[in-house]
Amino acid sequence: MEYKINLQYKDRLFCFLFGNEKYKKYALSLYNALNGVDYQDESENRESSNGLLLL
């Protein structure tokens with residue numbers, strides 16, 4: 001039996017949680033965890049160490 005893997009499943013979930021304007025607090029939480037900081041203001045734009053812009 002051969003299985004077909006949906007490689008976009010995790011990508012869609014990630015984009016839904018962290019790319020959706022409605023869930024900005026999740027993106028800020030991820031940014032804080034990856035960069036070792038504790039920002040609270042979701043309205044500011046920040047750039048991560050790898051050059052990605054997080055809104």
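This passage describes helix 2 and its packing against helix 1 in a predicted model. Local features require pLDDT of at least 70 and side-chain atom pairs pLDDT 80 or more, whereas totals for chains, interfaces and linings use all residues. Residues are numbered from 1 along each chain as its sequence is written, and side-chain values use heavy atoms, without hydrogens and water.

Helix 2 comprises the 12 residues 24-35, helices being DSSP runs (H or I, at least four residues) numbered from the N terminus. Its end C-alpha atoms lie 17 Å apart, in agreement with the 16 Å expected at 1.5 Å a residue, where the expected span is 1.5 Å times one less than the number of residues. Gly36, just after helix 2, adopts a positive phi of about 65°.

Lys24, Ala27, Leu28, Tyr31 and Asn32 are the buried residues of helix 2 (under 20% relative accessible area, with exposed over 50% and partly exposed in between; 1.4 Å probe, protein chains only). They cover an arc of only 135° around the axis, which places them on the same side of helix 2; the arc is taken over directions from the helix axis to the C-beta atoms. Exposed Ala33 and Leu34 occupy the face turned away from this buried side.

In the contact with helix 1 (residues 9-19), Phe14, Leu17 and Phe18 of helix 1 meet Tyr26, Ala27 and Leu30 of helix 2, contact meaning heavy atoms within 4.5 Å. Leu30, at 26% relative accessibility, counts as partly exposed. Its C-alpha atom is separated by 8.1 Å from that of Phe18, 12 residues apart along the chain.

Methods. Helix = DSSP H or I, 4+ residues; strand = E, 2+ residues; numbered from the N terminus. Axes fitted to C-alpha atoms, helices over the stretch in contact; angles between N-to-C directions.
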